[in-house]
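User: Please take me through one part of this protein closely, and show me how it sits in the whole chain. I'm a first-year student, so plain words are welcome.

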Amino acid sequence: MITMLYDFLLQKKLKCIFVLSCLLIFSLLVCNVSFADREIQELHNVFDKFLVGFEVNTFYRADSSPYYGARFGEKEDKNSAYGEIFSRLSLTAKKDLGWTNLEARVSPVFMFTAGQDVYGVYKDESDVDLDQGYLKFGHLFKKPIDVTVGMQDIQIEKQFIIGIGRTQDAALWLVLHQSWPFGVKVDCDFGKFKATAFWARAENYLLQTFEGTDDVEATGVNLHFNFTKNFFVYSGFYAKLDDTKPGTTGYFGQSLPENDTRVWDIGFDFTLGGLHLEGEGAYQWGDVQLSPHADTLDRDAFGGYISGKYTFPVKFSPYIQVDDIYFRGDDDLNDDDVEEYDPMFWGFPGWNRWVIGELVGETQLPNTNKKDLVIEIGCSPVETMVLHGMYIKHWLDEEYFAPLISGLGSTPLSSDDWADEFDLYLDWQINDYLFVHVGGGYVSPNDAAEEVYGDDEDALFIQTWLRFAF
């Protein structure tokens, strides 16, 4: 492992990332900058406020046998070492027009992958794109209503259903380019009661069948009610509108189905002292057509989670958290019902939400036909630092493997026991502008994973992520 990391850091492109990271740490530790958009005072004659924000993220990671001994991507061996850069510039103008508080934002991004990533998707790729480009009409006509039009983030509640609107074309681990290319969102805030309605178009949609298509849209409405400051519930109806023609060729040459999915969900969040409970359930129905002349199948699926966390009222705030996460599989792949859960447009608000497992969730099992039990313990040695360890038990819901490229078919298995994963993370907001993450993990494959990949080598990874922002 040490030799692999040494070779990794000696690669020319990756060494540039490492040097940049070190320079960032050195320069930022000796200066004092506020983590917030900077106001440009001279533009007050035109705007009430003009703000400039900037961030740069550097990431590198090394894996030993991430697919338990199998090769992947264009690799000639079974290991992986790569780096990523993601940077973003944000320009925001605000003006009170009387009838509305107008906000306009433009935000370009730069993304870069150095080497072959662990997913086998990007190798020495870079891309420049636009992440934000919208107009927001706040407090419209003096009412508690905001309307946002254009390229924007649309992230509903815990992002279990609605979060990411695109797949970026480089730096796939630094999944920070999440906006929807075009959308209309209406937010209403009536105190305890809040509501959000939206329509948006996705881009390069990959979350279910690795389609790589732009012919997918989403729409929905969410209702949120605060009973108290420590207890709220929410419920929503959402639809994925898939205009992909059945049989279209996907990202990896597979034949794509058309998935029109409807979902109703309900969730809650409750806090009492050091106890925090939350959960969400989603029922899905809709039409699935596998090929142009095939009969339309009916989706009948369910997904959800329940989570409990207790933080002890002692020094260093130690805590224990248990999550039970479920995405239904299909108990009969040959009937007229599709019981696999559709991953929809899940987001990434934090660890195991909703990439479950830093290796298994990242690279192997999509959010369908699986069950996960997560046991996490952690503490805060200093107020802005969290040191936490996780044990994740991964199962398949039904005994078959449908990879993210599910158009390539499913493989029947003799077991549903996938893997045991152990992850250890340190997350530290050093000051207002500098964040550091260091992590590592170990995964032991079980019978199901060994059947799929044909080997039983244990997997290891280490990674680090630095973020500077103002």
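Analyst: Let's get one word straight: a residue is buried when its relative accessible area is under 20%, exposed when it is over 50%, and partly exposed in between, using a 1.4 Å probe and protein chains only. By that rule, 50% of the 470 residues of the protein chain count as buried.

Two quick notes on where this comes from. This is a predicted model, in which local features need pLDDT of at least 70 and side-chain atom pairs count only at pLDDT 80 or more, while totals for chains, interfaces and linings use all residues. Residues are numbered from 1 along each chain as its sequence is written, and side-chain values use heavy atoms, leaving out hydrogens and water.

The big picture comes before the zoom. The protein chain has four helices and 22 strands; these are DSSP runs numbered from the N terminus, H or I over at least four residues for a helix and E over at least two for a strand. A contact is heavy atoms within 4.5 Å. Take the contacts in the protein chain with a separation of 6 or more: 63% of them are between residues 24 or more positions apart.

Now for the part I'd like you to look at: strands β6, β7 and β8. Strands count as paired if DSSP finds at least two bridges between them. Start with β6 (residues 145–152), which runs antiparallel to β7 (residues 180–190) and is joined to it by seven bridges. To see this on screen, find Val149 and look across to β7, where Val184 stands opposite. Then move on to β8 (residues 193–201), which is antiparallel to β7 and joined to it by nine bridges. A handy marker here is Lys185, which has Phe198 of β8 opposite it. β7 and β8 form a hairpin with two residues between the strands, and there Gly191 takes a positive phi near 85 degrees.

While you're looking at strands, here's a rule to keep in your head. In a regular strand, the side chains alternate between the two faces of the sheet.

The link from β6 to β7 is worth a stop too, since a couple of its residues have odd backbone angles. Glu157 lies in the loop between β6 and β7, and its phi is positive, about 50 degrees, although it is not a glycine. Ala171 sits in that loop between β6 and β7 too, with a positive phi near 55 degrees, again in a residue other than glycine. Why flag them? Because most residues other than glycine have a negative phi, and most peptide bonds are trans. Their surroundings differ: Ala171 counts as buried because its relative accessibility is 0%, whereas Glu157, at 26%, counts as partly exposed.

What touches this part from elsewhere? Gly133, which is placed in strand β5 (residues 123–138), is in contact with Arg105, Val149, Gly150 and Met151, not counting residues up to four places away in sequence. So Val149, the residue opposite Val184, turns up again in the list for Gly133. Gly133 has a relative accessible area of 28%, so it is partly exposed. Gly133 also sits 6.6 Å from Ser107, C-alpha to C-alpha, with their positions 26 residues apart in sequence.

How about cysteines? Cys188 counts as buried because its relative accessibility is 18%, while Cys379, at 22%, counts as partly exposed. A disulfide would need a pair of cysteine sulfur atoms within 2.5 Å, and a search of the whole structure finds zero.

For a last comparison, hop to another loop. Trp354 lies in the loop between β15 and α3, and the peptide bond leading to it from Arg353 is cis, with omega near -5 degrees. Asn352 is in the loop between β15 (337–338) and α3 (360–363) as well. At 3% relative accessibility, Asn352 counts as buried. Setting aside neighbours within four places in sequence, Asn352 is in contact with Ile325, Gly357, Val374, Met390 and Ile392.
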